[in-house]
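Trainee: I would like to take a close look at a single part of this structure and then follow how it fits with what lies around it. Could you walk me through it slowly, with the reasoning spelled out?

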Amino acid sequence: MTIQLNVAQVAIRYADRTIVENISFFLREAEIGCLLGPSGCGKTSLLRAIAGFEQISSGQIQIHGQTMSTPEHTTPPEQRNIGMVFQDFALFPHLTVAANIAFGLRKLRRADRNARVDELLELVELAHARDMYPHQLSGGQQQRVALARAMAPRPDILLLDEPFSSMDSDLREQLARDVRKLLQKDGITAILVTHDQNEAFAMADHIGVVGQGQLHQWGTGYDLYHTPADRFVADFVGQGVLLPGQVLGKNQVRTELGVVSGELEPGDEQDATMMVDLLLRPDDVIHDDDSKLQAEIVGRAFRGAVYLYTLRLASGQQILCLVQSHHQHEIGEMLGIRLEADHLPVFRRYPS
Amino acid sequence: MEISILTLAMLLALPVIVVLAFVFVPTGDIWHHLASTVLKDYVVNSLWLMLGVAIGTLLLGVSAAWLTSMCQFPGRGVFEWALLLPLAMPAYIIAYTYTGMLDFAGPVQSTLRDWFGWGFGDYWFPEIRSLNGAVLMLTLVLYPYVYLLSRAAFLSQSICVLDVSRTLGNGPWRTFWLVAVPLARPAIIAGLSLALMEALADYGTVQFFGVPTFTTGIFRTWFGMGSSAAAAQLAAGLMIFVFALIFIERYSRRQARYHHTSRRHQDLRRYQLTGLSAFLAFLLCFLILFFGFLLPAGQLLSWTISVADYVIDAQFLSLVMNSLKLAAIAACLALVLALFLAYGYRLFPSRPIRFAVRLAGMGYAIPGAVIAVGVMIPFAWIDNTVDSWARQSFDVSTGLILSGTLVAVTFAYLTRFLAVSLQTVESGLGKITPSMDEAGRSLGFKPVQLLSRVHVPMLRGSLLTALLLVFVDVLKELPATLILRPFNFNTLAVRAFELASDERLAEAAPAALAIVLAGIIPVIIISKTITRSRQIAAEHRDIA
C-alpha cells in the first residue's frame, strides 16, 4: 500500500526556542495515526505543520507522494488537499449543516455536490439535520458535521486536532470508536492529536508519543504499554511505578520483591553491578493471601470491578496493585502479594 | 499588502504628524503675541473646563450607574437605557438650547419677571454664557461615558465580593466605597478620560459662550491672524492634553484586566429600595435625564413646530441631502478601510502592522479643529505646488484641487472617525476564532476568498454598526466641517451652529433636532449590544 503521509526528520524552531526536533514517521493509506503527549509537547505544532499552517525548519513533509513542506517552501493549506477537524469544530455559524459540508465542494457540479452532501449526511447519521444551523445541534452532532465537512472533498489525509476535548469524558471513548468506524468505512487516512491515551487507543492504529519536542516511540498501543521505549513513555502511558533493582546476569534483576526476569537493553546484560529501574504495572502484582510477601495498604481507590491499592514495601517503596473489588481490605492492613510478570521493561539508572 | 497597510496608516496619521512637525516652525511675533496675551487664558480655561467636567461627570455618571445596576426602584429598567440618551445631544446644541431658555428674553427669566414684577437690572440671575455654564452643558451630555463604563464594571463584578464585604460587617454604603468603587476604578477612569477628550475637542459650546480655549484659539489664530503655523502650534499644545488623556485611558484599561475577581458570575441581587430612598433614586435619575435630554429636546421640538412652515423648505432639504451624502460617503469609506486594516492585521499579525493600525485609529482622540489644521496645511501646500508648476509649464492655473473640496472634508472625517469603525470591525473579527479561517483554508480557499465567503457574512451585524456609528458621528461633527467645507456648502451641523450664533435660535432648531434624532441611533445600538452580551452571559451560565 502506498505511503500517504511521510514526515521525515522534521524540526520546528522559532527564534528563541525549539518546538519539535527530528520527528520521523509515516502512515500508509487508510491507516489512522495519533500523536499523543502532554500539553505543550509540540504535537499540535506538528499537526499544523502537516496542514501547512506552520513552517518547518528542517526535514520535509510529503502527502500522497508530493513534497509539501521543506524549510524553503511551504505549500499553502488550501493547495494540500487535506481535511481538518478543529478542537472547537469551527463550523460556519451563518451556514446550514448542508452548506457547511458543501463548503469545500465548490468545484463540483451542483448535482454531484448535493449527492456528496447527502452521502456524508447519511454516513454521519444527520440527514434530518440537513437544513439546521450549527447552534441548533448538540456538541456530538456538531462534531459529526465538522467531520463530514472535512471528509467531503475526499482529502488525501484527515487531520484531527483534539477533536474530542470539548466532549464529556465518558463520551469520548465511544465517540473515538465511532469516528474510527466512519473513517474506515470511507478508507480515509487520518492523524489525530490528543493528550488522552484512551482516545488514542480507541482510535489509532499507530501512536506516536511526543514529549518535550521529541518523538519518543512510534508503535501500537500494545507496544507502548508493554514495551515502552524509555522512561518518558513508561511514565506517560498507563499506570505503574519504577522499582529499583540490580542486574544479576542474563535478563535477571534482583528487586525487593525477589528476582524477576526483565527486558534489558542490549549490551547491559553482562554488567552484574548495574543499578536499574523496573517498570511494574498494577496488573503485574497479584493479590495472594498465601504469599509470604506482605505489603502494607496505604491507599485505595475504588474503580468499580477492581480496587487500585497503593502498597508500601518494607523499604518504604510504594507499588500499585489491582484487586477484584469483592476482596475488601482496609488501609493499614497487610496484603499478601506476588509478582506475575515476565520480561518487565528495565531502564538503566544513571547516577544523578 | 503589508506595504499598503503601512502606507495607508501613515497617510491617515498625516494630519497629526503635520501639526506636531509645526512645533519647530518659527512664527516670530505672532507666537510672542499669543504667549503674552491669550495663551494663559487658553490653558487656564481648558484646565478649569476639564476639572469641572471631571467632577460633574463623575458625580452623575457613577451614581446613576450604581443605582441602575445595583438597586431596584420604580423605573429602573427604563432609566437603564434612557440615561444614555444625552449622548445623542451634541454639546453645542444643548448649549444654545439652554441659552434660549435661560437668557434675559427667555421663558425662565420672563416668567420670573412677570411673577415678581422685576425689571431689567432688579435681580441677579446666573449667566449661562460663562465657563461654569460650559462646564454644566458639557457635563450634561458627556456623563454617559462615565455611566456606560462604570455600569459595565459594576455588572461584571462578581456579586460574591460584595457579599463577602456584607458578611464582614460592612453596610451597603461602606461596601460601595470600600469594594465596588475601588474595583470599578479603572473603568471609571477610562470613561472619564473619554469624556474629557470630548470636552477638550469641543468647539461649538465654548465659542458660543465666548469662553476662550485652545479650540477657539486655533480658529481665531488661523482666520483672524492668518497664521497657519501659529494655529498648528496651538493645536500641538492642545494635543499634549489629549496625549495625557490617551495615556491615562490606556493605562486604566490595562489595569482593568487585573480587577476581575472571579470567573463565576451570579445574577445580581439588587438592593430593593422602598419608600423615600426609592423616591430619591428615581428623582436623581429622572432629573439627570430631564435636564440632559427631555427638556432640551422638548424645547427644540417646540421651536421646530413654531418655525416649521417657513424654515423647512427646499434649502433645508438640500442641507439634509448634503449631510446625508457626506456622512454616507465617509461611513462607507471608513468601513472599507477598517475592514482592510483589520483583516490585514489578522493575516499579518506583526509588530509594525499592529503599530500602523493603532496609529490609523488614533484620530478619534484628536479634536476636530486640530485635524482640520493638519489637513489644511498639507493640502494647501499640494494645491499651491501643483498650481505654480502648471502656471510655469502650461500657463494655466489649476486653482484649488484638494483644499476647500469634499475630498479634504472626507479625508478629515476618515482620520477622525476611522477608529470607530476599526474598533467595531476588530471586535467583530476577534469573535471569529482563527480556526474558522483555518477550516476554510483546509477546504481549499485563499484568504481573500474567505473574507467574502466567511468573514463578511458573519460580520454583517458589526459592519452595519460600524457604518451607522460613523454616519452619525459625521452628521454631528462641527469644527472640522466648519473649517474644511467647500465654499457655500452647508450641512445640518454647520447651519444649526451658524443660525444659533446669529441668535436665530428657533430657526436653528429643525436642523439641530434632525441631528439629535440621528444621534439616537447609536444609543439604541449601544443599549442593544449591552442587552445581547448579557443574554449570552446568561446562556453561558445555563450551560455551566
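Trainee: Please begin with the strand of chain A that holds Asn22(A), and go on from there to the packing, the strand pairing and the charged pairs.

Mentor: Asn22(A) has its place in strand 2 of chain A, which covers residues 18–28, and before going further please keep in mind that this is a predicted model. What is notable about the backbone of Asn22(A) is a positive phi of about 50°, although the residue is not a glycine. A positive phi, of about 55°, is also found at Glu125(A), again a residue that is not a glycine. Glu125(A), however, sits in the loop between helix 3 (110–123) and helix 4 (139–151) of chain A, and with a relative accessibility of 60% this residue counts as exposed, because the cut-off for that word is over 50%.

Let us turn from the backbone to the packing around Phe25(A). Leaving aside the neighbours within four places in sequence, Phe25(A) is in contact with Leu5(A), Asn6(A), Val7(A), Leu35(A), Leu46(A), Ile50(A), Ile191(A), Leu215(A) and Trp218(A). The largest nonpolar core has 220 residues, and those that touch the most other members are Leu5(A), Phe25(A), Tyr96(B) and Leu300(B). Apart from this core lies another, of 47 residues, which includes Ile32(A), Ala98(A), Leu123(A) and Met203(A). As a general background, nonpolar side chains in soluble globular proteins tend to be buried together.

Chain B offers a buried residue that can be followed in the same careful way. Leu238(B) lies in helix 12 of chain B, residues 228–256, and it counts as buried because its relative accessible area is 1%, where the limit is under 20%. If residues up to four places away in sequence are not counted, Leu238(B) touches Leu200(B), Phe214(B), Thr215(B), Ile218(B), Pro367(B) and Val370(B). Thr216(B) is 22 residues from Leu238(B) along the chain, and the C-alpha atoms of these two are separated by 11 Å.

Nonpolar side chains are also found on the surface of chain B, where Leu276(B), Phe279(B), Leu280(B), Phe282(B), Leu283(B), Phe286(B), Leu287(B), Phe291(B) and Leu294(B) form a patch with about 780 Å² of accessible area together. One of them, Phe291(B), is found in helix 13 of chain B, residues 275–311, and with a relative accessible area of 35% Phe291(B) is partly exposed.

Back in chain A, the pairing of strands deserves a slow reading. Strand 14, residues 275–280, is mostly covered, since five of its six residues are buried. Strand 11 of chain A (residues 241–249) pairs with strand 14 in the antiparallel sense over six bridges, and here Gly245(A) stands opposite Val276(A). Strand 14 also pairs with strand 20 of chain A (residues 344–348), again in the antiparallel sense, over three bridges, and in this pairing Asp277(A) stands opposite Phe347(A).

A loop of chain A gives a further example of a covered residue. Thr70(A) is found between strand 5 (66–69) and strand 6 (82–85), and its relative accessible area of 18% makes it buried. Neighbours within four places aside, Thr70(A) is in contact with Ile56(A), Gly59(A) and Gln60(A).

The charged pairs come last. Side chains of opposite charge can pair when their charged atoms come close. Over all chains the count comes to 28 salt bridges. One of these joins Asp205(A) to Arg180(A), with the closest N and O atoms 2.7 Å apart. Asp205(A) lies in the loop between helix 6 (197–203) and strand 9 (206–211), while Arg180(A) lies in helix 5 (residues 169–186), so the pair ties together parts of chain A that are 25 residues apart in sequence. Asp205(A) is partly exposed at 25% relative accessible area, whereas Arg180(A) is buried at 19%.

In chain B, Glu498(B) forms a salt bridge with Arg495(B), the closest N and O atoms being 3.5 Å apart. These two are three residues apart in helix 21 of chain B (residues 492–501), which means that about one helical turn separates them. Finally, in chain A, a network of salt bridges links Arg116(A), Glu119(A), Arg154(A) and Asp186(A).

Notes:
Residues numbered from 1 in each chain as written. Chains lettered and ligands numbered in written order. Predicted model: local features only at pLDDT ≥ 70, side-chain atom pairs only at ≥ 80, totals over all residues. Heavy atoms only, no water. Helix = DSSP H or I, 4+ residues; strand = E, 2+ residues; numbered from the N terminus. Buried < 20%, exposed > 50% of the residue type's maximum accessible area, 1.4 Å probe, protein only. Contact = heavy atoms within 4.5 Å. Patch = residues over 30% accessible without salt bridge, like charges linked within 9 Å, V, L, I, M, F, W, Y side chains within 5 Å. Areas by Shrake-Rupley, 256 points an atom, 1.4 Å probe, with all protein chains shown as cover. Salt bridge = Lys/Arg side-chain N within 4 Å of Asp/Glu carboxyl O. Pairing = 2+ DSSP bridges. Core = buried A, V, L, I, M, F, W, Y, C linked by side-chain atoms within 4.5 Å.
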